[in-house]
Amino acid sequence: MPDLPRVGEEFGNYRLGQRLGRGGMSVVYQAENWRLGNVVALKILAPDLANDDIFRTRFLQESRIATGFNHPHVVPIIDSGAYDGLLYIAMRYVAGTDLRQMIAELFGKADGCARGKGGSMHLVAPAAGVLGASAVVGTQIPIATGWALAAKKRGTGQVVACFFGDGATEEGCMAESFNFAALHRLPILYVCENNGYAIHSPLSKRWATARLCERVATYGIATHRIEDQDIFAIHETALSAASAVREGAGPVFMECLTYRWREHVGPRDDYAFGYRGLEELQPWRESDQVERLRQMLPKDETERISQEVEGEIEDAFNFAEASPWPDQSELLRHVYAS
Ligand SMILES: Cc1ncc(C[n+]2csc(CCOP(=O)(O)OP(=O)(O)O)c2C)c(N)n1
Ligand SMILES: [Mg+2]
């Protein structure tokens, strides 16, 4: 097992400062970028995971994306809220976003949908109506609300759908946006995917009451709560909400209860971390909607779909592998400071 890095040790442009704590699979340090003179946080792949190929590969990819330096165990912190990738994949099927571009973006490659600059947390597909994801929890809410204002002023007849996790509902910008949207009867459907946790913090440690819909209703917004993750109920609710919104009823809020089977970020499960037990997963596993749909379809149909999807995923990964790294001249294109 490799040793933890020492204070003062250098990685690329970063000089390591004090240790701030341990996250799920990483140890976090303060660090100074001696070239730019700013202080950042660095994630060090936890030494007990450093020999694990999956984690090492992911860290390597992140460090390439984020810094251009190539250290197998160190990346500057990059952060995310809800899983924007899932939305992107969903949009792939309804609006024709390009899976190749999405995976290339995860790899930080030139053919990525954000030209390799955004990584997993800034997926975007304007042509398919995906305005883009935001890594700062909750900030998609005011952005989407602004877009709804624009749609109303332009009279486009569009309805904006804004997705976020339960963690985002604690951000002040949600309250400001909800009030504004209700006041101006903006055409927006807010969808909260409530999985009961913000990373590792359960709702019971964050909310005085679990009555999210009642709270949202006080803004003058119609609410719906779907407790059993029934996809048909979600579909029907969303359709009727969207047509009410389109007819000028003002914003609608949907709270969809769900559960995270695996860890907050990454491919493994984290039941050994001690913040939740496997028994909590059981009822959600039993009502797995993918499995439910599978049971409804003929076997040869599910096999055909599986093969098609596997093929598409493999093609996207091959494409991303083969795509070039962005040229250095890209560094200052399409970025701005305000
Ligand atoms: C403003 C802000 N604070 C903190 C973080 C760190 N962070 C990343 S994801 C997350 C949890 C968000 O909770 P939720 O939206 O419920 O996502 P889930 O953990 O269920 O995936 C936090 C706190 C962040 N990205 N942005
Ligand atoms: Mg959550």
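Reader: What makes S6 and strand S7 (residues 188-194) a pair?

Author: Two strands pair if DSSP finds at least two bridges between them. S6 and S7 are joined in the parallel sense over six bridges, so they satisfy that definition. Within this pair, Phe163 stands opposite Val191 in S7. The model is a predicted one, in which local features need pLDDT of at least 70, side-chain atom pairs count only at pLDDT 80 or more, and totals for chains, interfaces and linings use all residues. Residues are numbered from 1 along each chain as its sequence is written, while chains are lettered from A and ligands numbered from 1 in the order in which they are written.

Reader: Why are S6 and S10 called edge strands?

Author: Strand S6 (160-165) and strand S10 (222-226) each pair on one side only. The open sheet has four strands in the order S6-S7-S11-S10, with parallel pairing. Strands here are DSSP runs of E, at least two residues, and helices are runs of H or I, at least four residues, both numbered from the N terminus.

Reader: How do you know that S7 and S10 each pair with S11?

Author: Six bridges join S7 to S11, and five bridges link S10 with S11 in the parallel sense. Val191 stands opposite Met254 in S11, and the bridge partner of Ile226 in S11 is Cys256.

Reader: What makes S10, H7 and S11 a right-handed unit?

Author: A crossover is right-handed if, with the strands pointing away from the viewer, the path from the first strand over the helix to the second runs clockwise. S10, H7 and S11 form a β-α-β unit of that hand. Helix H7 (residues 231-246) touches S7, S10 and strand S11 (252-257), and its direction makes about 170° with that of S11.

Reader: Why is H3 called oblique to H10?

Author: The axes of helix H3 (residues 99-106) and helix H10 (residues 299-322) come within 8 Å and cross at roughly 50°. Axes are lines fitted to C-alpha atoms, for helices over the stretch in contact, and angles run from 0 to 180 degrees between N-to-C directions. Angles under 35 degrees count as roughly parallel, over 145 as roughly antiparallel, 65 to 115 as roughly perpendicular and the rest as oblique. The crossing angle therefore makes H3 oblique to H10.

Reader: Which residues make the contact of H3 with H10?

Author: Residues are in contact if their C-beta atoms, placed from the backbone, lie within 7 Å. Leu99, Arg100, Ile103 and Ala104 of H3 meet Glu312, Ala316, Phe317, Phe319 and Ala320 of H10.

Notes. Contact = placed C-beta atoms within 7 Å.
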